[in-house]
Amino acid sequence: MLGPALALLLFDEGERTKVLGATNFANNLSNMFFLLVGGILALFGWRMTFLAYLVGAIALVLIATLLPEPNAGGGEDEAGPAARIPGEVFRISAFFGLNILLLIPAYLTFSSLVVSTGVGDAAMAGGLLSAGTVAGMVAGMLYGRFRKLFGSASMAASSVCGLVSALLLGSLFTGACMSLLIITATMEVGMVCLPALTARATGIAMGAMSVGSSMASFYAGALSGVPGQDPLRFVFLVSAIGFGVLAAAELLSMRGAVAPVGETLSEG
């Protein structure tokens with residue numbers, strides 16, 4: 001996830017929302033593109049799918065020739081004691097990881113839910129999941145307005161989006177919520193860190209995302225086995241409650257917590 005870290009290093013706060021939104025848009029677009037390309041290449045044999053990685057060579061040339069060197073404002077040693085990772089990074093990352101833990105089961109169980117309820121077949125489920133990806137792309141492009149509207153409450157607002165998604169048993173809101181969570185977490189860890197620590201802070205946030213993603217299957221599996229409950233719908237119900245709790249906790253914990261790094265350092 002070097003993209004978000006570079007966006008934080010290369011652009012000031014006013015431009016970050018636009019750049020991170022565009023980055024998220026490109027990520028979702030590439031996911032759709034490479035799923036299609038992978039399917040076409042697989043027709044010629046599973047080994048052929050690895051040819052898709054050759055696109056990385058094009059990206060390497062573009063990065064080497066066009067991307068400027070980030071001005072990190074000095075190394076960690078030069079920054080002294082203030083270069084320690086702020087505790088706020090871990091708080092933001094924890095909320096981020098928990099939100100992802102609650103959101104991923106919507107992807108894991110949505111296809112089965114569509115088929116079991118008779119809404120459609122596997123093709124219909126795939127189409128709806130693709131529509132969720134498109135919604136994520138749109139959410140990324142409009143993130144600047146979202147941030148301007150909710151400000152430091154953006155993480156809580158993202159959790160509310162997850163709550164709506166869970167109540168609707170997975171929908172376009174799921175893809176939108178994923179994009180909002182990723183961009184918000186990246187923005188907020190960048191706001192509380194020195195530029196020299198941005199890469200490490202972003203890594204912590206993305207690590208929390210990975211932990212939440214990896215634990216989601218165990219979470220969904222445990223809830224699907226609860227006696228007397230619908231194995232598919234119950235997961236969405238518990239996730240909706242979890243999102244509501246997280247939104248409330250985020251609102252309570254953010255008071256005076258997320259401040260621009262300049263203000264944090266001046267207070268210290």
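In this predicted model, the count of aromatic pairs comes to four. One of them joins Y143 and F146, whose ring centres lie 5.6 Å apart with the planes at 40°, so the pair is tilted. An angle of 40° belongs to that class because planes under 30 degrees apart would count as stacked and planes over 60 as edge-to-face. Both of these residues sit in helix 7, three residues apart, which is about one turn of the helix, and both are buried. F146 also forms an aromatic pair with F150, again tilted, with 5.0 Å from centre to centre and 50° between the planes. F146 and F150 are four residues apart in helix 7, so about one helical turn separates them. Elsewhere in the chain, W46, F50 and Y53 form one aromatic cluster.

The two residues of the second pair differ in their exposure: F146, at 14% relative accessibility, counts as buried, whereas F150, at 37%, counts as partly exposed. The table sets out these two residues together with others that are discussed further on.

| Residue | Relative accessibility | Class |
|---|---|---|
| F146 | 14% | buried |
| F150 | 37% | partly exposed |
| S152 | 37% | partly exposed |
| C161 | 11% | buried |
| C177 | 0% | buried |
| S179 | 1% | buried |

The setting for these details is a chain whose secondary structure consists of 12 helices and zero strands. Of its 268 residues, 40% are buried. The chain exposes about 14000 Å², and carbon and sulfur atoms supply 70% of that area. Among the contacts in the chain with a separation of 6 or more, 79% are between residues 24 or more positions apart.

Between helix 7, which covers residues 143-150, and helix 8 there is a loop, and S152 is found in it. What does S152 touch, once its neighbours within four places in sequence are left aside? The contacts of S152 are then with E188 and M254. E188 is 36 residues away from S152 along the chain, yet the C-alpha atoms of the two residues are separated by 8.2 Å.

Helix 8 itself runs over residues 154-167, and its 14 residues should span 20 Å at 1.5 Å a residue, which agrees with the 20 Å between its end C-alpha atoms. Why can helix 8 be described as largely enclosed by the rest of the structure? The reason is that 10 of its 14 residues are buried. Among these buried residues are S154, M155, A156, A157 and C161. Helix 8 is followed by L169, a residue whose phi is positive, near 60°.

C161 leads to the matter of sulfur bonds, since the structure holds zero disulfides. For C161, the nearest cysteine sulfur is that of C177, 4.6 Å away, and C161 is in no disulfide. A disulfide would require the two sulfur atoms to lie within 2.5 Å, and the 4.6 Å between the sulfur of C177 and that of C161 is therefore too far for a bond. Both cysteines are nevertheless enclosed in the sense of the table, because C161 is buried at 11% relative accessibility and C177 is buried at 0%.

The largest nonpolar core has 43 residues, and those with the most contacts inside it are V89, F96, I100, M178, L181 and M209. Several helices each supply at least two residues of this core, including helix 1, helix 5, helix 7 and helix 8. Which helix gives the most to this core? That is helix 9, with 10 residues; helix 9 covers residues 172-191. L181, one of the residues with the most contacts inside the core, touches F96, N99, I100, L103, M155 and S158 when residues up to four places away in sequence are not counted. Of these partners, M155 and S158 are among the buried residues of helix 8.

Helix 9 is also the place of S179, which is buried because its relative accessible area is 1%. Not counting residues up to four places away in sequence, S179 touches N24, N28, G136, M137, A139 and G140.

Methods. Residues are numbered from 1 along each chain as its sequence is written. This is a predicted model: local features need pLDDT of at least 70, side-chain atom pairs count only at pLDDT 80 or more; totals for chains, interfaces and linings use all residues. Side-chain values use heavy atoms; hydrogens and water are left out. Buried means under 20% relative accessible area, exposed over 50%, partly exposed in between (1.4 Å probe, protein chains only). Contact means heavy atoms within 4.5 Å. Accessible areas come from the Shrake-Rupley method with a 1.4 Å probe; for residues, only the protein chains shown count as cover. The expected span of a helix is 1.5 Å times one less than its number of residues. Rings of Phe, Tyr and Trp (its six-membered ring) pair if their centres lie within 6.5 Å; planes under 30 degrees apart count as stacked, over 60 as edge-to-face and the rest as tilted. A nonpolar core is a set of buried Ala, Val, Leu, Ile, Met, Phe, Trp, Tyr and Cys residues joined through side-chain atoms within 4.5 Å.
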